[in-house]
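Visitor: I would like to learn how the packing of helices is read from a set of coordinates. Could you take me through it step by step?

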Amino acid sequence: MEFRESRTRENLMRAFAGESQARNRYTFAAAAAKSAGLHWVERVFRLTAEQEKEHAELFIAHLAQCEGENIHIDGSYPVENGAWTPDRLLRSAQHNEYEEANTIYPSFAAVAREEGFPAVASTFELIAAIEKTHGDRFGLLARRAEESRLFTAQQEVPWLCLNCGHVHYGTQAPPVCPVCKHAQGYFVRVEGTEILSPGS
């Protein structure tokens, strides 16, 4: 099939638009988390925003042969308010990431394979797996925020101060870092730094 006549061409632009919007939503959410004093949540949103930018670059790279064209697409994207509480922002992000991982990108990959674009299909599949990881990460933090457990643990664990690097051992992060005097919101559990592990 001719690429310029394919649904894959439009799906790549939809994916580019979606990743670009996700990047902005997560930047807004990071600002909300920072305002709430949740500095680890802020950093997770910022990290994910940068990863979404990379995804957008991968999708737009597949459209190189359409340089200079305008590609008309339709689509629907979530409206989110940066004034939401961090736990609601995390749950919304989890939902959106799982929708990409489980529905949108697998369907785009299937179309790309059917139309004869295996490299594009592979990109959709690989990024879908990453979005699943994002959803797991947001879900873990959302659950802990909902249960007021962002700074407590069921057993003694190491807590890292994001500002100075001090490590505190205990079932909860200290209210203030004993070294740099930064607030509790700068502490994060060391194990896995909640980046990859969906555990509790």
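Visitor: How are α1 and α3 placed, and at what angle do their axes cross?

Guide: The general idea is to look at the distance between two axes together with the angle between their directions. In this predicted model, the axes of α1 and α3 come within 11 Å and cross at roughly 170 degrees. Since angles over 145 degrees count as roughly antiparallel, α1 is therefore roughly antiparallel to α3.

Visitor: What is the handedness of that crossing, and which residues make the contact?

Guide: The crossing in which α1 passes α3 is left-handed. On the α1 side the contact is made by residues including Arg7, Thr8, Asn11, Arg14, Ala15 and Glu19, and also Tyr26, Ala29, Ala32 and Ala33, while α3 contributes, among them, Pro86, Leu89, Ala93, Asn96, Glu97, Tyr105, Phe108 and Val111. Sorted by class, the contact of α1 with α3 holds 12 nonpolar, 3 polar and 7 charged residues.

Visitor: Which direction does α1 take relative to α4, parallel or antiparallel?

Guide: The angle is again what decides. The axes of α1 and α4 cross at roughly 25 degrees and come within 12 Å, and because angles under 35 degrees count as roughly parallel, α1 and α4 are roughly parallel to each other. Here, too, α1 passes its partner α4 in a left-handed crossing. The contact is formed by Thr8, Asn11, Leu12, Ala15, Glu19 and Tyr26 from α1, together with Val120, Phe124, Ile127, Glu131 and Phe138 from α4, and by class it has 7 nonpolar, 2 polar and 2 charged residues.

Visitor: How are α2 and α3 packed, and what classes of residue divide the contact between them?

Guide: Helix α2, residues 39–61, packs against helix α3, residues 86–114, at an angle of about 25 degrees, with the axes 12 Å apart; α2 and α3 are therefore roughly parallel to each other. Their crossing is left-handed. Val41, Phe45, Glu52 and Phe59 of α2 meet Leu89, Leu90, Ala93, Glu97 and Tyr105 of α3, and these residues divide into 7 nonpolar, no polar and 2 charged.

Visitor: What span should helix α1 have, given its number of residues?

Guide: One compares the expected rise with the distance between the end C-alpha atoms. Helix α1, residues 7–35, has 29 residues and should span 42 Å at 1.5 Å a residue, and its end C-alpha atoms are indeed 42 Å apart, which agrees. Helix α4, residues 118–146, also has 29 residues and reaches 41 Å from its first C-alpha to its last, close to the 42 Å expected.

Visitor: Which residue caps the N-terminal end of α1, and what follows α1 and α4?

Guide: For a cap, one looks for a side chain that approaches a backbone atom at the helix end. Ser6 caps the N-terminal end of α1, with a side-chain oxygen 3.5 Å from the backbone nitrogen of Thr8. After α1 comes Gly37, whose phi is positive, near 80 degrees, and just after α4, Ser148 takes a positive phi of about 55 degrees.

Visitor: How many helices and strands does the protein have, and what pattern do they follow?

Guide: The protein has 4 helices and 3 strands, and read along the sequence they follow the pattern α-α-α-α-β-β-β. Taken along the principal axes, the C-alpha atoms fill a box of roughly 65 × 30 × 25 Å.

Methods: Residues numbered from 1 in each chain as written. Predicted model: local features only at pLDDT ≥ 70, side-chain atom pairs only at ≥ 80, totals over all residues. Heavy atoms only, no water. Axes fitted to C-alpha atoms, helices over the stretch in contact; angles between N-to-C directions. Helix = DSSP H or I, 4+ residues; strand = E, 2+ residues; numbered from the N terminus. Parallel < 35°, antiparallel > 145°, perpendicular 65-115°, else oblique. Left-handed = near helix turned anticlockwise from the far one by under 90°. Contact = heavy atoms within 4.5 Å. Nonpolar A, V, L, I, M, F, W, Y, C, P; charged D, E, K, R; others polar. Expected span 1.5 Å × (residues − 1). Polar contact = N/O pair within 3.5 Å; in protein donor to acceptor, adjacent residues only side chain to side chain.
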